Amino acid sequence: MGEISIEIKDNRYMHELVSPGDRFMIGLVRDFIEREIMPIRREMEASTRGDFELVREIQRKIVGLGFQGAFLPMEYGGWNLTSALTYSLVVEEFGRGEPACCAAPAGGAWAFRPACIAGNRAVLEDFAPRFLSGEPYVACFAMTEPSGGCNIENLDMRGKGIHTRAVLDGDEWVISGAKVWPTNSGVSDVYCVVCNTDPSLGDEGIALIYVPVPIEGFSFGRFEDKAGFRSSREGDFYFDNVRVPREYRAGGPGLDAELLHDNLIFARLFSASWAVGIAQGAFDEALAFTSERKVAGKPIRQHTLAANVLADMAIGIQVGRDSYINAAYMFDHPETYGKRTSKHMLSRSTIAKVFCCDMAVKVTNQAMDLMGHYGCAGAWHAEKYWRDNKIIQLWEGGAQLGRMDVARGYYHYDQFHPNRLYERMRAMRES
Ligand SMILES: Cc1cc2nc3c(=O)[nH]c(=O)nc-3n(C[C@H](O)[C@H](O)[C@H](O)COP(=O)(O)OP(=O)(O)OC[C@H]3O[C@@H](n4cnc5c(N)ncnc54)[C@H](O)[C@@H]3O)c2cc1C
């Protein structure tokens, strides 16, 4: 049985889809990760149980790469880097290195997409300079609430699951409510808060409102201690009549619901690529380990059984990568593939997310299997990849809502009106 060729590393991407600019960016980030992150991954994770300082140092260096304000429109000093594909490709690289450490520097792009797409001048004029200052400036997209994240992400709920209220009082929004689990909780300078102006309005009541902190009425609860993704910060925070200017609403009635859906689809794409990066890291580690470690007189990877496992891992990773690249390319080209928030696009992005997370759960598990007791040892990274990936599988609607959103691309699936036929029959009888 021959060896698995590591050549696949050099032919990961179709050049027709991944531009020279994207490949340059991948090279830059990969080089940074090899130099700055790979040698200290364990110390970074240990630092998250202490003063977090090592993680912050790496985050400052990522800001130094110059990407922090890249998502901003050119007229505000950014590079107009809005491509889901570029963002996802870069995130894949961080997945292979240390998945969570890029969450703080990259948070601005996700949290400020709504304002950028809506072209909200007040928000961009007030906040763009801070992202371009060269100093870390962190943003958070705050959606999930104590009563559940899926109730907000589920399109059928039409905002009914959002209990954080925003009421207009003169020229200000007054916000009250609670959020749990948003990434960059406690370390952010500004929060994009998913609110409801009036639950009876359905999608029209959904409002995305920017809240800079510190601000009166805003407070924190506890921070989470999680299995993986330890270099990012998640926690609870509360709004008690917090007041911000009315211009800080991203778009307006109806548009904000579209912007929320657009952001959810965007996040499923980069979540898929994060999982692919993690699986690639686990594969690289297992490949290196099985070339050195011998059983029955030869390196493990020379045994047919092990080669089969490595081949299955490589198949999953490459199919996963192809699926997120295709879906992100489609998302970036609505002129060809239709509206970015269509049910079809939601389904395509979620296929990538669900598949890549399931695949990475399996691949990280297989990497641990191939490495014997080293698979669970802290001195190696297979177990860390396994813990980090599980987290991605759980967020953004998790595995079940994900599958419901996949189904929506294939037939009309309206969870709260399952018995339309019965309703029609009753209406006919009554008429
Ligand atoms: C590390 C981490 C980072 C996060 N970052 C952010 C962030 O930046 N911003 C933010 O707002 N949130 C964030 N979250 C929260 C995350 O998005 C939610 O955890 C996720 O959406 C699921 O919500 P929930 O945990 O409340 O689960 P629930 O909504 O209570 O759902 C529980 C389970 O039920 C399943 N389910 C849902 N609907 C149905 C249905 N109709 N039928 C059957 N099963 C169903 C789900 O798939 C899930 O498995 C983060 C979470 C984690 C773990």
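Let me begin with F112, which, once its neighbours within four places in sequence are set aside, is in contact with F71, V123, F127, F131, A139, V190 and Y210. I should say straight away that what we are looking at is a predicted model, and everything that follows should be heard with that in mind.

F112 also belongs to a wider picture, since the largest nonpolar core has 121 residues, and F112 is listed with F94, I175, I209 and Y210 as having the most contacts inside it. The element that gives the most to this core is helix α8, residues 255–292, which supplies 20 residues.

Staying with α8, let me turn to how this helix packs. As a reminder, two packed helices are described by the angle between their axes and the distance between the axes. For helix α4, residues 84–97, and α8, the axes come within 7 Å and cross at roughly 35 degrees, and the crossing is right-handed. On the α4 side the contact is made by A84, Y87, S88, V91, E92, G95 and R96, while the α8 side contributes residues including F266, L269, F270, W274 and D284.

Now to the strands. Strand β2, residues 165–169, and strand β3, residues 172–183, run antiparallel and are joined by five bridges, with R165 standing opposite S176 of β3. The hairpin they form has two residues between the strands, and G170 in that hairpin takes a positive phi near 65 degrees. Strand β3 is also joined to strand β7, residues 234–245, again in an antiparallel arrangement, through nine bridges, and within that pairing V174 has R243 of β7 as its bridge partner.

Which backbone angles should one look at in these strands? In β3, W181 has a phi near 75 degrees, which is a positive value in a residue other than glycine, and in β7, N241 has a positive phi as well, near 55 degrees, and is likewise a residue other than glycine. Both side by side, W181 counts as partly exposed because its relative accessibility is 42%, and N241 counts as partly exposed because its relative accessibility is 47%.

A further backbone feature sits in the loop between β5, residues 206–212, and β6, residues 218–223, where P214 is found: the peptide bond from V213 to P214 is cis, with omega near 0 degrees.

Let me move to two individual residues, of which the first to discuss is R387, found in helix α12, residues 382–394. Is R387 buried or exposed? R387 is buried, because its relative accessible area is 18% and the cut-off for buried is under 20%. The side chain of R387 is joined to that of E383 by a polar contact of 2.9 Å, and, leaving aside neighbours within four places in sequence, R387 is in contact with R42, E45, A227, G228 and R230.

The other residue is S342, in the loop between α10, residues 334–337, and α11, residues 343–370. With a relative accessible area of 22%, S342 is partly exposed. A polar atom of the S342 side chain lies 3.0 Å from the backbone nitrogen of M345. As for longer range, S342 and P73 are 269 residues apart along the chain, and their C-alpha atoms are separated by 24 Å.

How values were computed:
Residues numbered from 1 in each chain as written. Predicted model: local features only at pLDDT ≥ 70, side-chain atom pairs only at ≥ 80, totals over all residues. Heavy atoms only, no water. Helix = DSSP H or I, 4+ residues; strand = E, 2+ residues; numbered from the N terminus. Buried < 20%, exposed > 50% of the residue type's maximum accessible area, 1.4 Å probe, protein only. Polar contact = N/O pair within 3.5 Å; in protein donor to acceptor, adjacent residues only side chain to side chain. Contact = heavy atoms within 4.5 Å. Core = buried A, V, L, I, M, F, W, Y, C linked by side-chain atoms within 4.5 Å. Pairing = 2+ DSSP bridges. Axes fitted to C-alpha atoms, helices over the stretch in contact; angles between N-to-C directions. Left-handed = near helix turned anticlockwise from the far one by under 90°.
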